[in-house]
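Subject: Structure handover

Hello,

Here is the structure I promised to pass on. Please open it alongside this message.

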Amino acid sequence: MQPEDRVIHFSVELVHAPVKADKEGLQKLYYDLSQSDHAAYDSSDFSQPSQVKFHSRRGDKTQSVVVFLRDRVVIAEEWTDMPLSAFLDRVVEVGSRIFDVRGVEKILAHTATVRSTFALTHYEDARVFLLDNMCGQEGRIGPHFKRPVAIGGLKFVLPETPQHTGTYHVAIESFRHSRDEVFSEVKGVYARPPLGVGDFTQIVDHVREVRSFVSDGLFPYLNQYDIPQSGDSVN
């Protein structure tokens, strides 16, 4: 397996107590962010008061977006072209202002999500790699499902432990945009304790921990199976 994964998505979800729509407050936030070094957005959408968006688009697919819902804020980079450090700067720039802008005292829960792809070395088809090689499903699917498999993979839920905070939801699938790449999503869910403005750096730390899990846990787990094999069938 290629030693470097390709990160395609970062996101953080900040859950707080429900608040009323505040167009003026969010308009001021949009202006303030436009003057910042790390979180200026190119446009805004106030057409739906309960779902305000700030967003920027670069090229055909790359997009930066922050969405303000009644009880949460989502900060995301789709098909990202920025390093983790730049995303974390954006999370701090936007997220740390939420307390004043939304009039909340605590972030009740938060999530950190990283999506990336791994390029295979010894397999041309990620479905064969995952289903036949890792899961031993060769010849066991087609007779029952009676149709081709477009995407297949594995899912895990890793609960919080005394040594590891947060519950990790892990998805590993064949990547629909590239035949020889494995897609992964790791979503860390942190439900306690509530965080105040002085605790915001914990959210940044959790994003780093999720990213490290991808590199230090997920990569070696997959890499142990990417060895020369004969055959190339999914059925």
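Below is what turned up, starting with the core and ending with the backbone. Please keep in mind that this is a predicted model.

**Core**

The largest nonpolar core has 56 residues. Within that core, Phe-54, Phe-87 and Leu-222 have the most contacts. Helix α6 (residues 201–223) supplies the largest share of the core, with eight residues. As background, nonpolar side chains tend to be buried together in soluble globular proteins.

Phe-54 deserves a look of its own. Setting aside neighbours within four places in sequence, Phe-54 touches Leu-26, Leu-29, Tyr-30, Leu-33, Tyr-41, Ser-43, Ser-44, Phe-46, Ser-64, Val-65, Val-66 and Phe-68.

**Aromatics**

The structure holds 13 aromatic pairs. One cluster is formed by Tyr-30, Tyr-41, Phe-46, Phe-54 and Phe-68. Tyr-41 also has a charged partner: Arg-90 lies over its face, 4.7 Å from the ring centre. A lysine is placed over another ring. The charged end of Lys-61 sits over Trp-79, at 3.7 Å from the centre of the ring.

**A buried arginine**

Which side chain of opposite charge is nearest to Arg-102? That is Asp-71, 7.1 Å away. A salt bridge needs a side-chain nitrogen within 4 Å of a carboxyl oxygen. Arg-102 is buried and has no salt bridge. Arg-102 is found in helix α3, which covers residues 98–102. Beyond its neighbours within four places in sequence, Arg-102 is in contact with His-16, Val-19, Phe-68, Leu-69, Arg-70, Arg-72 and Val-73. Phe-68 therefore links two parts of this message: it is on the contact list of Arg-102, and it belongs to the aromatic cluster.

**Backbone**

Most residues other than glycine have a negative phi, and most peptide bonds are trans. Three places are worth checking against that.

- Trp-79, not a glycine, has a positive phi of about 50°. It is in the loop between β5 (72–78) and α2 (84–95). Trp-79 is partly exposed, with a relative accessible area of 23%.
- Lys-146 has a positive phi too, near 60°. Its place is the loop between α5 (142–145) and β7 (153–158). Lys-146 is exposed, at a relative accessible area of 67%.
- Arg-192 and Pro-193 are joined by a cis peptide bond, with omega about -15°. Pro-193 is in the loop between β9 (181–190) and α6.

Trp-79 comes up twice, once for its phi and once for the lysine over its ring. I would open the view there.

Best wishes

Conventions: Residues are numbered from 1 along each chain as its sequence is written. This is a predicted model: local features need pLDDT of at least 70, side-chain atom pairs count only at pLDDT 80 or more; totals for chains, interfaces and linings use all residues. Side-chain values use heavy atoms; hydrogens and water are left out. Helices (H or I, at least four residues) and strands (E, at least two) are DSSP runs, numbered from the N terminus. Buried means under 20% relative accessible area, exposed over 50%, partly exposed in between (1.4 Å probe, protein chains only). Lys and Arg count as positive and Asp and Glu as negative; His and the chain ends are not counted. Contact means heavy atoms within 4.5 Å. A nonpolar core is a set of buried Ala, Val, Leu, Ile, Met, Phe, Trp, Tyr and Cys residues joined through side-chain atoms within 4.5 Å. Rings of Phe, Tyr and Trp (its six-membered ring) pair if their centres lie within 6.5 Å; planes under 30 degrees apart count as stacked, over 60 as edge-to-face and the rest as tilted. A charge sits over a ring if NZ of Lys or CZ of Arg is within 6 Å of the ring centre and within 35 degrees of the ring normal.
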